[in-house]
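Student: Hi! I have a new structure open and I'd like to talk it through. Can you help me read it?

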Amino acid sequence: MRIPVKAVAAATALLLSTPAFAGWEPAKPVEIVVAAGAGGASDQMARMMQAAIQKNNLMKQPIVVSLKGGASGAEALMYMKSSEGDPNKVLIAYSLIYMLPLSAKIPFNWRELTPVSVVALDQFVLWDNSAGAKTVKEFVAAAKVASAPFKMGGTGSKREDHVLTVFLEQKTGAKFSYLPYKSGGEAATQLVGNHTEANVNNPSENLEVWRAGQVRPLCVFDKERISYTTKVTDTQSWADIPTCKEEGVDVQYLMLRAMFLPGKVTPEQQAFYVDLFHKVTQTAEYKEYMEKQALKPIFLTGKDMVKFLEEDDALNKSLMTEAGFVAK
Amino acid sequence: MEAFGLLLHGFAVLLTWKTLVLMMVGLVLGIFVGVLPGLGGPNGVAILLPLTFTMDPTSAIVMLSCIYWGALFGGAITSILFNIPGEAWSVATTFDGYPMAQQGRAAEALTAAFTSSFIGSLVAVLLITFLAPMISSFALKFGPPEFFAVYLLTFCSFVGLGREAKHKTVISMSLGLLLAGIGMDTVSGNLRMTFGSAELLRGINFLVAVIGLFGISEILLTMEERLALRGHAASISLRVVLGVWKDLPKYWATLLRSSFIGCWLGITPGGAIAASFMGYNLAKRFSKDPESFGKGRIEGVFAPETAAHASGTAALLPMLALGIPGSGTAAILLGGLMVWGLNPGPLLFVEHKDFVWGLIASMYLGNVVGLVLVLTTVPIFASILRVPFAAVAPMIVVSCAIGAYAIQNAMFDIWLMLGFGIVGYVFKKIGIPLAPFTLALVLGNRAEDAFRLSMIGSGGDLKVFWSNGLVGSISTLAIVLLFWPVIDGVLSRVGWTQRTRATSP
């Protein structure tokens with residue numbers, strides 16, 4: 001299947017030339033640091049990993065989830081930065097590692113941490129209330145003629161949701177008022193309650209309200225459709241949602257979900273976690289989670305991961321600059 | 001009556017020896033974490049969450065929610081005995097609970113607190129049982145303008161109904177609002193007042209401030225004044241408990257009003273904290289003798305505790321039905337639900353009937369068992385007051401420090417707590433009330449965000465706060481309460497207030 005992935009894992013194992021159980025192992029409970037609030041996509045993923053590791057006995061020490069969502073996630077970044085050399089903390093990162101240093105001038109650079117692996121890619125979907133427009137065309141037309149501000153909900157300011165809204169404006173010529181909420185869950189309920197016209201939530205954040213028939217997915221911000229074809233609602237699966245490009249609005253964005261250790265850990269410690277998270281991606285829990293939350297499975301580590309991060313960083317930087325979100 | 005059948009089914013799910021034992025274990029653990037200031041419900045539940053991964057979801061949630069009830073009961077103990085509120089909503093309980101303990105009526109105050117908690121929760125559970133679907137659609141009506149109106153109402157009721165000098169309340173509240181602004185501003189995405197410090201990034205944690213303001217400052221004052229805990233070893237017996245219960249009917253209006261406020265604000269996501277303050281202020285407003293509040297009046301314990309627990313219980317509803325946690329503990333429970341593969345949302349009630357009704361049934365049972373458990377242990381807790389101050393004070397300081405540290409695992413928070421201790425001491429000396437300060441610190445950020453989101457949504461038009469019946473009536477009520485002293489003066493001149501006073505209980 002994914003030969004490069006296996007090759008990389010094998011190469012790592014060869015490099016160390018010792019089986020994982022004979023190498024370094026954590027002697028203290030391990031903390032998964034979440035850079036977001038309770039119930040958000042990162043928290044859900046961290047808890048899935050916690051359960052997968054415990055149920056499959058992938059590690060002797062217990063694993064705990066610690067929520068450090070203060071200051072829109074900056075708390076977690078500074079926490080990791082200040083934990084240099086501590087191999088018992090692992091960050092579950094997303095695009096904030098590129099965006100926060102740019103928009104809020106947080107003294108943080110992901111290159112100071114130790115990359116472990118990219119474990120998934122997250123999609124973004126344009127959603128509206130099920131009583132609203134049925135297609136992207138109708139939606140854009142409605143936004144253009146609206147007399148009052150046309151409200152787009154999202155999580156945080158000058159972040160991925162906000163960037164997508166700006167690009168949606170540029171491509172369609174419609175004008176949106178962006179309302180930054182504290183979490184994706186809040187953005188979802190506010191859309192159901194008709195306090196906003198639309199949002200650009202991740203699939204996982206709107207899944208339950210979609211199943212309840214309260215919101216409608218209009219299009220996916222990716223170059224291809226989501227691959228999962230199992231029915232989610234009575235009539236639709238993730239694969240039934242058209243891409244925004246198909247609908248005439250060429251906006252694409254994928255967000256990484258990646259694991260990082262603090263800076264200055266030893267290669268043995270890094271290798272332990274590469275192996276651990278590789279095993280996690282093989283578990284039934286992980287596979288079920290990926291399908292349910294419509295995430296793109298991926299496993300990158302070592303040089304491939306660094307190359308991916310550098311390219312992704314450059315892309316995010318150019319998007320942020322174009323949207324005018326980089327602090328002077 | 002469909003709800004009734006489902007509830008009976010829920011009890012059937014629960015009534016096994018295994019779940020009953022888990023329930024007791026949960027309650028005892030909960031009371032323990034509740035008694036340690038700062039450790040409280042959220043941390044207790046967070047520590048024990050991984051233990052429940054191997055259990056089935058219903059047993060797990062029963063145990064975790066019993067820790068939650070236990071912590072709620074336990075929080076009242078430190079508020080009353082040491083003036084240290086464990087959870088945000090225990091702050092109002094200290095106003096009269098602590099003076100009562102100082103007068104040697106600790107057992108009475110504790111009994112009142114536990115009993116009213118029980119009544120508040122019971123009313124809220126009844127509401128959840130029979131009105132769950134209706135309530136969740138009501139909660140959906142709350143957009144940014146509605147949220148702001150609720151916060152405004154809380155602030156205004158404090159200024160308008162508070163007993164302290166108005167300018168002191170406003171000074172205290174403004175300082176709280178100023179400190180609430182520290183950290184990341186969600187609306188603009190910029191940092192404010194952090195002065196380049198990484199420690200200030202996450203803002204000032206409310207519990208750290210409360211532990212310092214109330215707990216540490218109290219120790220400082222006691223050291224200065226007399227080096228002994230006030231309050232005598234209270235004579236505790238069944239008689240005290242029965243005595244309090246016998247008086248309950250006298251306070252039916254207060255209990256009913258507070259239950260109503262609690263339920264209403266509890267289903268408004270995040271409104272639980274506001275409820276206890278509002279319950280207290282309204283009880284004082286409607287009392288024939290408002291002057292005696294704050295000096296150890298039992299009604300001053302009944303009112304905030306009933307409201308707090310009604311809202312604490314009702315807060316589980318938006319969590320289950322909408323996925324929005326109403327409190328810190330509810331947020332951790334939410335994380336737990338997801339691990340067990342139960343996604344909170346509108347379909348939870350349809351697809352996981354066993355779980356939902358098991359949980360609701362556990363609210364009934366957990367509260368009854370909890371009440372019996374805490375009442376029988378009142379003598380043990382009240383006897384802490386008999387321990388010499390020299391022995392107890394260092395233990396309180398240590399447990400305050402552990403609590404402040406545990407919230408975010410940050411050494412900085414311990415220094416912050418000590419700093420707030422000094423601030424609290426100075427405030428008490430110069431007569432500035434602490435409650436408006438803490439209220440502003442908790443709700444300041446949310447009120448600001450709600451206001452700015454309303455303004456973005458309306459294009460800067462203030463009329464949005466009167467744009468529909470719901471938000472309009474809350475906003476109007478807020479303005480009326482703010483100017484209540486003036487309105488009251490005019491009314492009494494016309495001779496109206498006399499009549500209203502005569503008809504109110």
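Tutor: Happy to! Let's settle one term before we start: two residues are in contact if their C-beta atoms, placed from the backbone, lie within 7 Å. Also keep in mind that this is a predicted model.

Student: Okay, let's use that. Which residues of helix 4 of chain B meet helix 5 of chain B?

Tutor: From helix 4 of chain B they are Ala76(B), Ser79(B), Ile80(B) and Leu81(B). Across from them, helix 5 of chain B brings Thr93(B), Thr94(B), Gly97(B), Tyr98(B) and Ala101(B). Sorted by class, this contact has five nonpolar and four polar residues, and no charged ones.

Student: And at what angle do the axes of those two helices cross?

Tutor: Roughly 55°, and the axes come within 6 Å. Helix 4 covers residues 57–82 of chain B and helix 5 covers residues 91–102. That angle makes helix 4 of chain B oblique to helix 5 of chain B. The crossing of the two is right-handed.

Student: Let me try another pair. How do helix 9 and helix 19 of chain B pack?

Tutor: Helix 9 (residues 206–225) and helix 19 (residues 411–430) of chain B pack at about 55°, with axes 6 Å apart. So helix 9 of chain B is oblique to helix 19 of chain B. Helix 9 of chain B passes helix 19 of chain B in a right-handed crossing.

Student: Which residues make that contact?

Tutor: On helix 9 of chain B, they include Val208(B), Gly212(B), Phe214(B) and Leu220(B). On helix 19 of chain B, they include Asp413(B), Met417(B), Phe420(B) and Lys428(B). The residues of this contact divide into 14 nonpolar, five polar and two charged.

Student: Zooming out, how many helices and strands does chain B have?

Tutor: Chain B has 23 helices and two strands. Of its 505 residues, 58% are buried. If you take contacts in chain B between residues at least 6 apart in sequence, 79% of them join residues at least 24 apart.

Student: Switching to chain A. Why is strand 10 of chain A largely enclosed?

Tutor: Strand 10 spans residues 255–261 of chain A, and six of its seven residues are buried, so the rest of the structure largely encloses it.

Student: Which way does strand 4 of chain A run against strand 10 of chain A?

Tutor: They run antiparallel, joined by seven bridges, with strand 4 covering residues 114–122 of chain A. You can spot Ala120(A) opposite Arg257(A) in strand 10 of chain A. Strand 3 (residues 89–93) of chain A also pairs with strand 10 of chain A in the antiparallel sense, over three bridges. There, Ala93(A) has Ala258(A) as its bridge partner.

Student: And what about strand 1 of chain A, with which strands does it pair in the parallel sense?

Tutor: Strand 1 of chain A pairs with strand 2 (residues 63–67) of chain A over five parallel bridges. It also pairs with strand 3 of chain A in the parallel sense, over four bridges. Look for Val34(A): it stands opposite Leu67(A) in strand 2 of chain A, and its bridge partner in strand 3 of chain A is Ile92(A). Four of the five residues of strand 1 (residues 30–34) of chain A are buried, so this strand too is largely enclosed by the rest of the structure.

Student: I also see a sheet with five strands in chain A. What is their order?

Tutor: The order is 7-6-8-5-9, in an open sheet with mixed pairing. Strand 7 and strand 9 of chain A are at the edges with a single partner strand each, so one side of each has no neighbour in the sheet. Strand 6 (residues 151–155) of chain A runs parallel to strand 7 of chain A, with five bridges. One of the bridge pairs is Gly153(A) with Leu179(A).

Student: Which strands does helix 8 of chain A lie across?

Tutor: Strand 5 and strand 9 of chain A, and the helix runs at about 145° to strand 9 of chain A.

Student: Last one: how many residues does each chain give to the contact between them?

Tutor: Chain A gives 42 residues and chain B gives 36. On chain A, the elements that each supply at least two include helix 2, strand 7 and helix 8. Helix 2 of chain A has the largest share, six residues. By class, the side of chain A that touches chain B has 16 nonpolar, 16 polar and ten charged residues.

Note on methods
Residues are numbered from 1 along each chain as its sequence is written. Chains are lettered from A and ligands numbered from 1 in the order in which they are written. This is a predicted model: local features need pLDDT of at least 70, side-chain atom pairs count only at pLDDT 80 or more; totals for chains, interfaces and linings use all residues. A residue is buried if 20 or more other C-beta atoms lie within 10 Å of its own, exposed if 12 or fewer, and partly exposed in between; C-beta atoms are placed from the backbone. Two strands pair if DSSP finds at least two bridges between them. Ala, Val, Leu, Ile, Met, Phe, Trp, Tyr, Cys and Pro count as nonpolar, Asp, Glu, Lys and Arg as charged, and the others, Gly among them, as polar. Axes are lines fitted to C-alpha atoms, for helices over the stretch in contact, and angles run from 0 to 180 degrees between N-to-C directions. Angles under 35 degrees count as roughly parallel, over 145 as roughly antiparallel, 65 to 115 as roughly perpendicular and the rest as oblique. A crossing is left-handed if the near helix is turned anticlockwise from the far one by less than a right angle, and right-handed if clockwise.
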